[in-house]
Amino acid sequence: MATFLNGGSWEIVAEFVEVKSGKNADRPELARALTHCRITGSALIVANVSRLTRSVSSLSRLLEAGVEVRFCDLPQIEGPTGRFLLTQMVAVAELEAGLIGEQTRKALAAAKAGGKKLGTPANLTNQDAGRAASRARRTRIADRHAQDIAPIIREMQAQGLSLNACARALTEKGISRPTGKAKWASQTVINLLARVPEP
């Protein structure tokens, strides 16, 4: 990890060690790491890319997490290229799991021979549906971000901090806003808490 960061103005803000098998869908440390990255706006650095290839659910979770992922054994793979790599890894994992196989190919061939039209899903050609899907995804990300941070804010409030004081504390801690900007305001705190009703 230190070697990967050498030469850049970076710092390790937290470390998480996943001891569960790559075949196990329950990856609690990965979930904790993703939450921490979303809260702090940090990138997730994975020691070894092969540790993720066995779990389709884990790879899909990374793609949907809204977190930049980098790999120590593939130092040049990051940003859009890194996301593309994860996408391909998901495809390979699904192939290894037997989700894409000879039976599927034969079924598609039979459907095509029977006159069924195969091609792009309708939502990719329907702009309204595409925009709705995009809005829904942004809402999911914002809701998840709020769920990550709301407990921190409520703990501050329990200690007697005002909304302005909470905003200053979040900014000082380097916790990112839903939009990714670093500086918090009292209204941002109010908006975030409104997304997460108190238990």
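1. Of the 199 residues of the chain, 26% count as buried in this predicted model. Among contacts with a separation of 6 or more, residues 24 or more positions apart account for 58%.

2. The secondary structure consists of 9 helices and 2 strands. Along the sequence, these elements follow the pattern α-α-β-α-β-α-α-α-α-α-α. Each of the two strands is thus followed directly by a helix, and the pattern closes with a run of helices.

3. Asp148 deserves a separate remark. This residue is located in helix 7, which spans residues 127-158. Asp148 counts as buried because its relative accessibility is 13%, and the cut-off for that class is under 20%. Once neighbours within four places in sequence are set aside, the contacts of Asp148 are with Thr35, Arg38 and Ile39. Helix 2 covers residues 28-40, and the three contact residues of Asp148 carry the numbers 35, 38 and 39.

4. Helix 2 and helix 7 also appear together in the second largest pocket, where each supplies at least two residues of the lining. The space in this pocket amounts to about 370 Å³. Its lining comprises 18 residues, and those closest to the centre of the pocket are Gly66, Ile141, His145, Arg177 and Pro178. Helix 7 gives the most to the lining, with 4 residues.

5. Which classes of residue form the lining of the second largest pocket? The lining is made up of 7 nonpolar, 7 polar and 4 charged residues. Arg177 is one of the residues closest to the centre of the pocket, and arginine is counted as charged.

6. The packing of helix 8 against helix 9 may be considered next. Helix 8 comprises residues 163-173 and helix 9 residues 186-195. Their axes lie 8 Å apart and meet the description of packing at an angle of about 95°. Helix 8 is therefore roughly perpendicular to helix 9, since angles of 65 to 115 degrees fall in that class.

7. Which residues make the contact between these two helices? On the side of helix 8 they are Leu163, Asn164, Ala167 and Leu170, and on the side of helix 9 they are Ser186, Val189 and Ile190. By class, the residues of this contact divide into 5 nonpolar and 2 polar, with no charged residue. The lining of the second largest pocket, by contrast, includes 4 charged residues.

Notes
Residues are numbered from 1 along each chain as its sequence is written. This is a predicted model: local features need pLDDT of at least 70, side-chain atom pairs count only at pLDDT 80 or more; totals for chains, interfaces and linings use all residues. Side-chain values use heavy atoms; hydrogens and water are left out. On a 1 Å grid over the protein atoms alone, a cavity is a set of points where a 1.4 Å probe fits but cannot get out, and a pocket is an open set with protein on both sides within 12 Å along at least five of seven lines; lining residues have an atom within 4 Å of a point. Grid points are joined across faces, edges and corners, and a volume is the space filled by probe spheres set on the points. Axes are lines fitted to C-alpha atoms, for helices over the stretch in contact, and angles run from 0 to 180 degrees between N-to-C directions. Angles under 35 degrees count as roughly parallel, over 145 as roughly antiparallel, 65 to 115 as roughly perpendicular and the rest as oblique. Contact means heavy atoms within 4.5 Å. Buried means under 20% relative accessible area, exposed over 50%, partly exposed in between (1.4 Å probe, protein chains only).
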